[in-house]
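Please consider the structure shown below. The paragraphs that follow lead from a single pair of residues to the sheet around them, and then to the helices and a pocket.

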Amino acid sequence: MRQHLLYVMSPSRAEGIAQAIVRLGAKPIDDNAITATYELDHRLLKGISLRIYLLSDIDGVTPFLRHHPVDLLVYDERGSDGKEALQGIYQIARDVHSLAQLWGPDFHFPMSRIVTVLRASQDVDHRIFALGRLNVRDVLVEPKKTSLVLRWLHALLYAGVVRNNKVGMALSGGAIEGLLYQAGTVLALKHAFTGRDIYSCDSISGISSGSIVGSVVANGIEVEDLIRGVLDMKSKYPPFKISTLFDLAGFDIVKRVFNTSLRMRKVKPSQWLENTLESIPTGFFKGERLESYLHDLFA
């Protein structure tokens, strides 16, 4: 299992951190990132392969997050020329919020994916509490051994704290407009998710038109193709028309009302109307066209 780790530190510690990673057996790679990048497989990571990005410029964090998957961001405040963790995390949170407004819903990075390495100090407990209020996931204070750091990272990544939390998706209805709205929402989430595939949700539920979108996602069909089908654009799947959803069972309704009326010829008019209304089925649509559409879609 590969995980992507962004390690942010002060410039004075960049060379030392890089040397420590290489001593662990990490191999430098060139993936066109703006950082020094390494691939690390270590027995203490127990099956996790780490792609580590080293970044010594805190102003480059959010641009990096914009273009690269990051499962865990480690902010190391140690070093004489680095910002304290609280200041650094405040800046990252502010930049993420500002750029999310600029770039839209396709940019999102939760604070729960950030952990910090702190230097030992008298007020360390107070600073840990303050970082917790910022939703920082975890803190490690002045680790003395590299093995401790690796075990810490393994616990965070493997135990499901960052990436392996179960994710469910619930989609509401709303006829054809609701279908387009839900499909657009799923498309936005697809671009917003970092390090996770929207099509790998652990559970999906939906009602009415939301159940159609949910079934599309559950079957791994690109939601863009469903949107193109609704908008009558070029798509490799059958077009989705209003008549597909609103397949009125008119004949069945008239037949049922007529048969009920014949059985109530001697009933008072007021009672006749009440009984007739009760005889009308709750489902006004046959669903045969929708069933046929989904059959062709999932075939």
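A useful place to begin is one pair of residues: Leu 40 has Leu 50, in strand E4, as its bridge partner. This model is predicted, and the description should be read with that in mind. The pair of leucines belongs to a longer contact between two strands, for E3 and E4 are joined by 6 bridges and pair in the antiparallel sense. On this basis the neighbouring strand can be added. E2 also pairs with E3 in the antiparallel sense, over 3 bridges, and here Lys 27 stands opposite Glu 39 in E3.

These strands are part of a wider arrangement. An open sheet is formed by 7 strands, which follow the order E2-E3-E4-E1-E5-E6-E7, and the pairing within the sheet is mixed. Strand E2 (27–29) and strand E7 (138–141) each have a single partner strand, so one side of each is left without a neighbour in the sheet. From one strand to the next, the twist averages 25°.

The parallel sense can be seen in strand E5 (residues 72–76) and strand E6 (residues 114–118), which are joined by 4 bridges. Within this pair, Val 74 stands opposite Val 115 in E6. Helix H4 (residues 124–133) packs on the sheet, where it touches E6 and E7, and the direction of H4 makes about 170° with that of E6.

A further helix must be added to the picture. Helix H5 (residues 146–158) lies across strand E1 (2–8), strand E3 (36–41), strand E4 (49–55), E5, E6 and E7. H5 runs at about 175° to E7.

Which elements each supply at least two residues of the lining of the largest pocket? They are E1, helix H1 (11–23), E4 and H5. H1 gives the most, with 6 residues. The volume of this pocket is about 390 Å³. It is lined by 21 residues, of which Tyr 7, Ile 17, Ala 20, Thr 146 and Val 149 are the closest to its centre. By class, the lining comprises 14 nonpolar, 5 charged and 2 polar residues.

Finally, the protein chain may be considered as a whole. Its secondary structure comes to 12 helices and 9 strands. The chain has 299 residues, of which 43% count as buried. Among contacts with a separation of 6 or more, 65% are between residues 24 or more positions apart.

Notes: Residues numbered from 1 in each chain as written. Predicted model: local features only at pLDDT ≥ 70, side-chain atom pairs only at ≥ 80, totals over all residues. Heavy atoms only, no water. Pairing = 2+ DSSP bridges. Axes fitted to C-alpha atoms, helices over the stretch in contact; angles between N-to-C directions. Contact = heavy atoms within 4.5 Å. 1 Å grid on protein atoms, 1.4 Å probe; cavity = no way out; pocket = protein on both sides within 12 Å on 5 of 7 lines; lining within 4 Å. Points joined across faces, edges and corners; volume = space filled by probe spheres on them. Nonpolar A, V, L, I, M, F, W, Y, C, P; charged D, E, K, R; others polar. Buried < 20%, exposed > 50% of the residue type's maximum accessible area, 1.4 Å probe, protein only.
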